[in-house]
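Welcome! Please take a moment to look over the model below, and then we will walk through it together.

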Amino acid sequence: MAPIFHMINGAPDPVAPFSHAVEADGWVFVTGQMPFAGTSIDEPYPEGIEAQTHQVMKNLQTVLQGIGLTLANVLQMRVYLTRFEQDYAAMNEAYASWFPAGRRPARTCVGVNGLAKGALIEIDMVARR
């Protein structure tokens, strides 16, 4: 089966040349989302790690919904933080609110030197249809 390259109406415009998600054999690889509150990549980000975490999760949810999936389909996530030590605890609290206890995806969280447009956080994911 040939891969399907998804661009989702209502999701933020790409900041680089990529698809919002790519699907093959029921596996869905969702590109890392930034904390844009709208579709324009020129809009300012929300203030603080909690607000940015929630906005990234909303944007990921928009991509999933655009291909008929939900957070319940997510198996693995990667979180990238520019201020790891400062923001890790608050990000975890905001992130955890999106999943029921006992039903959280596998996850990796790493500190990075920078993210597109100065974001504090980016999250990508792998889901299964």
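What follows is a short tour of one helix, the cores and some aromatic rings.

Keep in mind that this is a predicted model. A good place to start is helix α1, which covers residues 49-66. Its 18 residues reach 26 Å from the first C-alpha to the last, close to the 26 Å expected at 1.5 Å a residue. Among the buried residues of α1 are Ile49, Val56, Met57, Leu60 and Leu64. The buried residues of this helix pack against β2, β3, β4, α2 and β6. Just after α1, Gly68 takes a positive phi of about 80°.

Now to the interior. The largest nonpolar core has 29 residues, and those with the most contacts inside it are Met57, Met77 and Ile123. Two or more residues each come from β3, α1, β4, α2 and β6, and the largest share, six residues, comes from α1. Leaving aside neighbours within four places in sequence, Ile123 is in contact with residues including Val56, Met57, Leu60, Met77 and Tyr95. Apart from this core lies another, of seven residues, among them Met34, Tyr80, Leu115 and Ala119.

The structure holds three aromatic pairs; here are two of them.

| Pair | Arrangement | Centre to centre | Between the planes |
|---|---|---|---|
| Phe36 and Tyr45 | tilted | 5.0 Å | 40° |
| Phe84 and Tyr88 | stacked | 4.9 Å | 25° |

Phe36 and Tyr45 are both buried. Phe84 and Tyr88 lie in helix α2, four residues apart, about one turn of the helix. Phe84 is partly exposed, at 27% relative accessible area, and Tyr88 is partly exposed at 32%. Finally, Arg107 lies over the face of Tyr95, 4.7 Å from the ring centre.

Methods. Residues are numbered from 1 along each chain as its sequence is written. This is a predicted model: local features need pLDDT of at least 70, side-chain atom pairs count only at pLDDT 80 or more; totals for chains, interfaces and linings use all residues. Side-chain values use heavy atoms; hydrogens and water are left out. The expected span of a helix is 1.5 Å times one less than its number of residues. Buried means under 20% relative accessible area, exposed over 50%, partly exposed in between (1.4 Å probe, protein chains only). Contact means heavy atoms within 4.5 Å. A nonpolar core is a set of buried Ala, Val, Leu, Ile, Met, Phe, Trp, Tyr and Cys residues joined through side-chain atoms within 4.5 Å. Rings of Phe, Tyr and Trp (its six-membered ring) pair if their centres lie within 6.5 Å; planes under 30 degrees apart count as stacked, over 60 as edge-to-face and the rest as tilted. A charge sits over a ring if NZ of Lys or CZ of Arg is within 6 Å of the ring centre and within 35 degrees of the ring normal.
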